[in-house]
Amino acid sequence: MSRWAVVLAGGIGSRFWPLSTPERPKQLLPLVTEKPLLRDAIDRIAPLVDPAHTLVMTNASLVKPIRALLPPIPRENIIAEPSPAGTAAALAWAALTIEQRDGKDATMISIHADWAIGNDGAFREALLLGESVAQ
């Protein structure tokens, strides 16, 4: 069984306006550490999931800056929604993509790019516990 991570990095940049804009939404801003929230999210899950098994679900307008921010993530793993449809639709698309690439036995860990986590180690432990319960 393989493990995949799905990082939800959509949004329109309206929550922290004027700091956050559609061109530079909060997940691309360094709001908690010196790195953008999305970079922190990817670094946080890196000990659990290989970049080749990490999907980033985002808006078409953000693909280019996200590719620049996350060079280890394969280009085909940064997936742009054709139109915003919400979290459930993005996760369904990610699950289908994972199944097509790796089969029905793969596990999917889903996180949001804009979370601020105080204890990365405890967070990873909680993710692994959730995965063990889901199996």
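This note comments on an aromatic pair, a polar contact and a helical leucine in a predicted model.

1. Aromatic pair. Searching the whole structure yields 1 aromatic pair. Tryptophan 115 and phenylalanine 123 form this pair, with ring centres 6.1 Å apart and planes at 85 degrees. The arrangement is edge-to-face because the angle is over 60 degrees.

2. Exposure of the two rings. The relative accessible area of tryptophan 115 is 32%, and the residue is therefore partly exposed. Phenylalanine 123, by contrast, has a relative accessible area of 15%. Since buried means under 20%, phenylalanine 123 is classed as buried.

3. Lysine 26. This residue belongs to the loop that runs between strand S1 (3-9) and helix H1 (37-45). Lysine 26 is buried, at a relative accessible area of 12%. Its side chain makes a polar contact of 3.1 Å with the side chain of aspartate 114.

4. Leucine 91 and its surroundings. Helix H3 (residues 87-102) contains leucine 91. With a relative accessibility of 22%, leucine 91 is partly exposed, because the buried class is limited to values under 20%. When neighbours within four places in sequence are set aside, the residues in contact with leucine 91 are Val6, Leu8, Met108 and Ser110.

5. A distance across the chain. Leucine 91 and threonine 21 are 70 residues apart along the chain. Their C-alpha atoms are separated by 24 Å in the model.

Key:
Residues are numbered from 1 along each chain as its sequence is written. This is a predicted model: local features need pLDDT of at least 70, side-chain atom pairs count only at pLDDT 80 or more; totals for chains, interfaces and linings use all residues. Side-chain values use heavy atoms; hydrogens and water are left out. Rings of Phe, Tyr and Trp (its six-membered ring) pair if their centres lie within 6.5 Å; planes under 30 degrees apart count as stacked, over 60 as edge-to-face and the rest as tilted. Buried means under 20% relative accessible area, exposed over 50%, partly exposed in between (1.4 Å probe, protein chains only). Helices (H or I, at least four residues) and strands (E, at least two) are DSSP runs, numbered from the N terminus. A polar contact is a pair of N or O atoms within 3.5 Å; within protein, one must be able to donate a hydrogen and the other to accept it, and residues adjacent in sequence count only if both atoms are side-chain atoms. Contact means heavy atoms within 4.5 Å.
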